[in-house]
Amino acid sequence: MSLKVIVVGAGLAGLNAAQILRSNGCEVTLLEEQSRIGGRVATEMIDGYRCDHGFQVINPAYPELRRTGLVEKLQIHSLSKGFEIFIDEKLVMVGDPRKGLGYLVGDLSSRTGTLSEKLNFLRYLASKAQDQSFGIAMSQSGDFYQKIIKRFLQGVLLINPDEVSSLMAHELLRWFIRGNPGVPHLGVQALPNLLGEGLDIRTESRVRKIKSGEVQTSEEKLSADVVLIATNEVSAASLLGQPAPSMNKSVTWYHSVPAGEIKSNHLRLDPTNTFVNSVAISNVAPSYAPAGRTLISTTALDVIHSTEVLARVGALWRVNPKSLEYVQHFEIAQSLPKHLPGKPLISPSRLSENVYIAGDHRATPSQQGALLSGRLAAEAIIADL
Ligand SMILES: Cc1cc2nc3c(=O)[nH]c(=O)nc-3n(C[C@H](O)[C@H](O)[C@H](O)COP(=O)(O)OP(=O)(O)OC[C@H]3O[C@@H](n4cnc5c(N)ncnc54)[C@H](O)[C@@H]3O)c2cc1C
């Protein structure tokens, strides 16, 4: 008789776990509270614009993504190498930190920090990271950290990078160097859509309670040999009767301008720190906007008044705010788990004899972390059979 597993949550962690369990002969049912799958990886079509829920890129170098065998099917449009930032009112193109040493030695501009600061950063990347705060790990990287790396990572981690675990930041930075992230032709939602193929998924099915061998949704009670909780950190804590942890928040605005007004296809960092980043996303993936328009995606760590948003987006892109057309905005209160010093890179999957846990909060706050945690939970369930 095959093992009956209920997976709670159809985000990347739950979907990956379910696929692995299914391919190992388990009978898997996924219960998902929303009307769609994918959790935090979502895309909506709004008036012909493809709007991801927050600026989110997919890195084909993530080992767990490669394991799924889906990279080619995603048709990823890669972001151009490097990013732009105004320093002293001058637009500086920061070569490509992902190219590592080659870029840093080639870039002799003192605007982005001294050569010794850049070499100290490279030493950090090349060595084994220690479990301390990233701010302390970067103390020798001066202006290069403060002006460039910190601003870039703030947009990735959605928190002041000084506070996070250096172990985790080290891991994420190394993937950035190895990979060429971008967005799928059909939006980031393409990833969970592909990952969910062939699975038994019940949407609009919110799990309220988990008991040993039993799951209670709003409508019914279901029994299983094993329950895998694959929700975000806040929902997992609630299901386990634990206090709610706080997660990093983000807000992304979408505006459009007539095509041709913005030529850049680079990520642009905001020197005023109002936003963590902005990008003319349809210059990267034309499938993100209807013909004749350019879609801009701009992210901040908190809500800003709409008139200020227009003024600041206009200033950042040097376009008249009157030419910016609002498309949509997404406020995501539970964007990312906080990964602070002291937290391991991987936390155990097994909670008790027949309850397991997965989600990005069990590994790194990323798609890679979510997929990895799902695989590890599935493998633990199979090993404990
Ligand atoms: C704005 C933003 C930008 C990001 N950018 C990047 C990026 O560029 N690169 C990167 O690698 N990562 C990025 N991430 C992180 C990445 O999206 C997440 O780490 C990953 O998607 C988490 O997947 P998950 O399966 O762990 O959790 P989730 O996606 O949160 O999935 C959990 C699922 O459980 C469901 N659920 C919750 N409670 C219940 C319940 N009681 N009953 C039933 N279902 C329930 C939820 O509806 C959800 O579908 C970003 C995240 C955000 C928000």
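Three strands, in the order β10-β11-β12, form an open sheet with antiparallel pairing. The edges are taken by β10 (207–211) and β12 (221–223). Each of these has a single partner strand, so one side of each is left without a neighbour in the sheet. On average, neighbouring strands here are turned by 20° against each other, direction ignored. Strand β11 (residues 214–217) and β12 are joined in the antiparallel sense over 3 bridges. In that pairing, Gln-216 stands opposite Lys-221 of β12. The model described here is predicted.

A second open sheet has 6 strands. Their order is β9-β2-β1-β13-β20-β19, and the pairing is mixed. At the edges stand β9 (201–202) and β19 (350–352). Both have a single partner strand, so one side of each lacks a neighbour in the sheet. At one edge, β9 runs parallel to β2, and 2 bridges join them. Leu-30 faces Ile-201 of β9 in this arrangement. At the other edge, β19 meets strand β20 (residues 355–357). This pair is antiparallel and also has 2 bridges. Here Ser-352 stands opposite Val-355 of β20.

Further into the order, β1 and β2 pair in the parallel sense over 5 bridges. Ile-6 has Thr-29 in β2 as its bridge partner. A helix links this pair into a larger unit: β1, α1 and β2 make a right-handed β-α-β unit.

Two helices lie across strands of the 6-stranded sheet. Helix α1 lies across β1 (4–8), β2 (27–31) and β13 (226–229). The angle between α1 and β2 is about 165°. Helix α13 lies across β1, β13, β19 and β20. Its direction makes an angle of about 155° with β20.

The domain assignment divides the protein chain into three parts. Domain 1 covers 4–41 + 189–245 + 340–384. Domain 2 covers 43–62 + 247–337, and domain 3 covers 82–178. The centres of domain 1 and domain 2, taken over C-alpha atoms, are separated by 30 Å. Domain 1 brings 13 residues to the contact, and domain 2 brings 9. On the side of domain 1 that touches domain 2, α10 (233–239) and α13 each supply at least two residues. By class, this side has 5 nonpolar, 5 polar and 3 charged residues.

The ligand is surrounded by 35 residues. Those that come nearest are Gly-9, Gly-11, Gly-39, Gly-54 and Ser-235. Three elements give two or more residues to this shell: α1 (12–23), β18 (325–337) and α13 (367–383). Of these, α13 gives the most, with 4 residues. By class, the shell holds 13 nonpolar, 17 polar and 5 charged residues. Domain 1 and domain 2 each provide at least three residues of the shell. Helix α13 thus appears in several settings. It lies across four strands, β1, β13, β19 and β20. It supplies at least two residues of the side of domain 1 that touches domain 2. It also gives 4 residues to the shell around the ligand.

Conventions:
Residues are numbered from 1 along each chain as its sequence is written. This is a predicted model: local features need pLDDT of at least 70, side-chain atom pairs count only at pLDDT 80 or more; totals for chains, interfaces and linings use all residues. A residue is near a molecule or strand if its C-beta atom, placed from the backbone, lies within 6 Å of it. Ala, Val, Leu, Ile, Met, Phe, Trp, Tyr, Cys and Pro count as nonpolar, Asp, Glu, Lys and Arg as charged, and the others, Gly among them, as polar. Domain bounds come from an automatic or database domain assignment. Two strands pair if DSSP finds at least two bridges between them. Two residues are in contact if their C-beta atoms, placed from the backbone, lie within 7 Å. Axes are lines fitted to C-alpha atoms, for helices over the stretch in contact, and angles run from 0 to 180 degrees between N-to-C directions. A crossover is right-handed if, with the strands pointing away from the viewer, the path from the first strand over the helix to the second runs clockwise.
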